[in-house]
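Got the viewer open? Load the model, colour it by secondary structure, and follow along one selection at a time.

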Amino acid sequence: MAPDIAQSFSSSQLTSKYPIVQDIEKKHDVHTICILAGWFSTGFNLLFTKPYEIISIDKDPDCKIIGEYMFPDTKFITDDVCLYKPIVDVVINTSTEHISHKDLELSFNYIPNDTVCYFQNNSMEWMAGHINCYKTLESFAGFIEQYFLIKDATEILIEKQNYTGKRLNVKCVKKSTRA
């Protein structure tokens with residue numbers, strides 16, 4: 001578990017979440033934010049400068065135990081993100097590469113219409129636990145736009161000593177009906 005905690009503080013983890021934090025703080029008047037597959041919610045707890053109510057959902061019960069210790073003001077819930085219905089202002093999932101295509105589609109059904117969402121994926125399919133990577137921003141956005149109205153889509157180049165990859169970012173709003 002210690003390597004996971006250390007990884008949650010890595011520069012690539014924080015860098016990939018920073019654009020979402022900036023966008024929310026500059027463009028949205030929100031109070032509650034749900035982070036699906038939130039892990040320990042490290043990046044968001046460290047980067048947000050405004051006092052949001054953060055709810056972090058993860059199936060791993062250790063995430064709740066460790067997360068509550070590190071960030072006692074965040075509400076950690078142990079639950080299946082594919083079946084969780086977030087009743088919040090904003091939904092974030094920066095771990096979509098760890099969730100099967102089918103399960104992601106299931107999770108989308110539980111997000112209420114007109115909810116602002118931020119989804120991330122990456123092109124690093126060789127990494128352990130990455131079961132649903134997308135090679136291009138266009139392919140990831142194409143999958144998302146079946147359920148959501150895309151507001152913005154960008155990519156961030158992630159360069160480390162032993163690999164280079166792309167972090168794919170999509171900001172969207174849940175559609176009233178599926179296209």
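Start by selecting glutamine 22, which you'll find in helix H2, residues 11-27. Keep in mind throughout that this is a predicted model. Is glutamine 22 buried or exposed, or something in between? With a relative accessibility of 29%, glutamine 22 counts as partly exposed. Now add aspartate 60 to the selection and draw a line between the two C-alpha atoms: the pair is 38 residues apart in sequence and 28 Å apart in space.

**Zoom out: the whole chain**

Go back to the full cartoon. You should be able to pick out 6 helices and 7 strands in the protein chain. Walking from the N terminus, the elements come in the order α-α-β-α-β-α-β-β-α-β-α-β-β. The radius of gyration is 15 Å, close to the 16 Å that the globule rule gives for 179 residues, so the chain is as compact as a globular protein of that length. Put a box around the C-alpha atoms along the principal axes and you get roughly 40 × 40 × 30 Å.

Try a surface next. The accessible surface of the protein chain is about 9000 Å², with 53% of it belonging to carbon and sulfur atoms. Colour by burial, and 51% of the 179 residues come up as buried. If you like contact maps, look away from the diagonal: of the contacts with a separation of 6 or more, 65% are between residues 24 or more positions apart.

**The sheet**

Hide the helices and select the strands. What order do they take in the sheet? This is an open sheet of 7 strands, ordered E3-E2-E1-E4-E5-E7-E6, and the pairing is mixed. Strands E3 (75-78) and E6 (148-159) are at the edges; each has a single partner strand, so one side of each is left without a neighbour in the sheet. Look along the sheet and you can follow the twist, which averages 15 degrees from one strand to the next.

Now focus on E2, residues 53-58. On one side, E2 runs parallel to E3, and 4 bridges join the two. Show side chains here and you'll see serine 56 standing opposite phenylalanine 76 in E3. On the other pairing, E1 (residues 32-36) and E2 are also parallel, over 5 bridges. Cysteine 34 is the residue to click there, standing opposite isoleucine 55 in E2. Of the 6 residues of E2, 5 are buried, so this strand is largely enclosed by the rest of the structure.

**Helices on top**

Bring the helices back. Select H4, residues 61-70, and you'll see that it lies across E2 and E3, running at about 165 degrees to E3. Then jump to H6, residues 137-144. This helix lies across E5 (116-122), E6 and E7 (164-174), at about 25 degrees to E7.

**The cysteines**

Select the cysteines and show the sulfurs. How many disulfides are there? The count comes to 0. Begin with cysteine 34: its closest cysteine sulfur is in cysteine 117, 9.6 Å away, which is too far for a bond. Cysteine 34 is buried, at a relative accessible area of 1%. For cysteine 172, the closest cysteine sulfur is again in cysteine 117, this time at 5.0 Å, also too far for a bond. Cysteine 172 counts as buried too, with 0% relative accessibility.

**Three stops in the loops**

Threonine 96 is next, in the loop between E4 (90-93) and helix H5 (101-109). Its relative accessibility is 0%, so threonine 96 counts as buried. Expand the selection to see what surrounds it: leaving aside neighbours within four places in sequence, threonine 96 is in contact with Leu104, Phe119, Gln120, Asn121, Asn132 and Phe140.

Then go to alanine 37, in the loop between E1 and helix H3 (42-47). Check the backbone here: phi is near 55 degrees, a positive value in a residue other than glycine. Alanine 37 counts as buried, at 15% relative accessibility.

Finish at aspartate 114, in the loop between H5 and E5. Which sign does phi take at aspartate 114? Positive, near 70 degrees, and this residue is other than glycine as well. Is aspartate 114 buried or exposed? At 57% relative accessibility, aspartate 114 counts as exposed.

Conventions. Residues are numbered from 1 along each chain as its sequence is written. This is a predicted model: local features need pLDDT of at least 70, side-chain atom pairs count only at pLDDT 80 or more; totals for chains, interfaces and linings use all residues. Side-chain values use heavy atoms; hydrogens and water are left out. Two strands pair if DSSP finds at least two bridges between them. Axes are lines fitted to C-alpha atoms, for helices over the stretch in contact, and angles run from 0 to 180 degrees between N-to-C directions. Contact means heavy atoms within 4.5 Å. A disulfide is a pair of cysteine sulfur atoms within 2.5 Å. Buried means under 20% relative accessible area, exposed over 50%, partly exposed in between (1.4 Å probe, protein chains only). The radius of gyration is taken over C-alpha atoms; the globule rule is 2.2 Å times the number of residues to the power 0.38. Accessible areas come from the Shrake-Rupley method with a 1.4 Å probe; for residues, only the protein chains shown count as cover.
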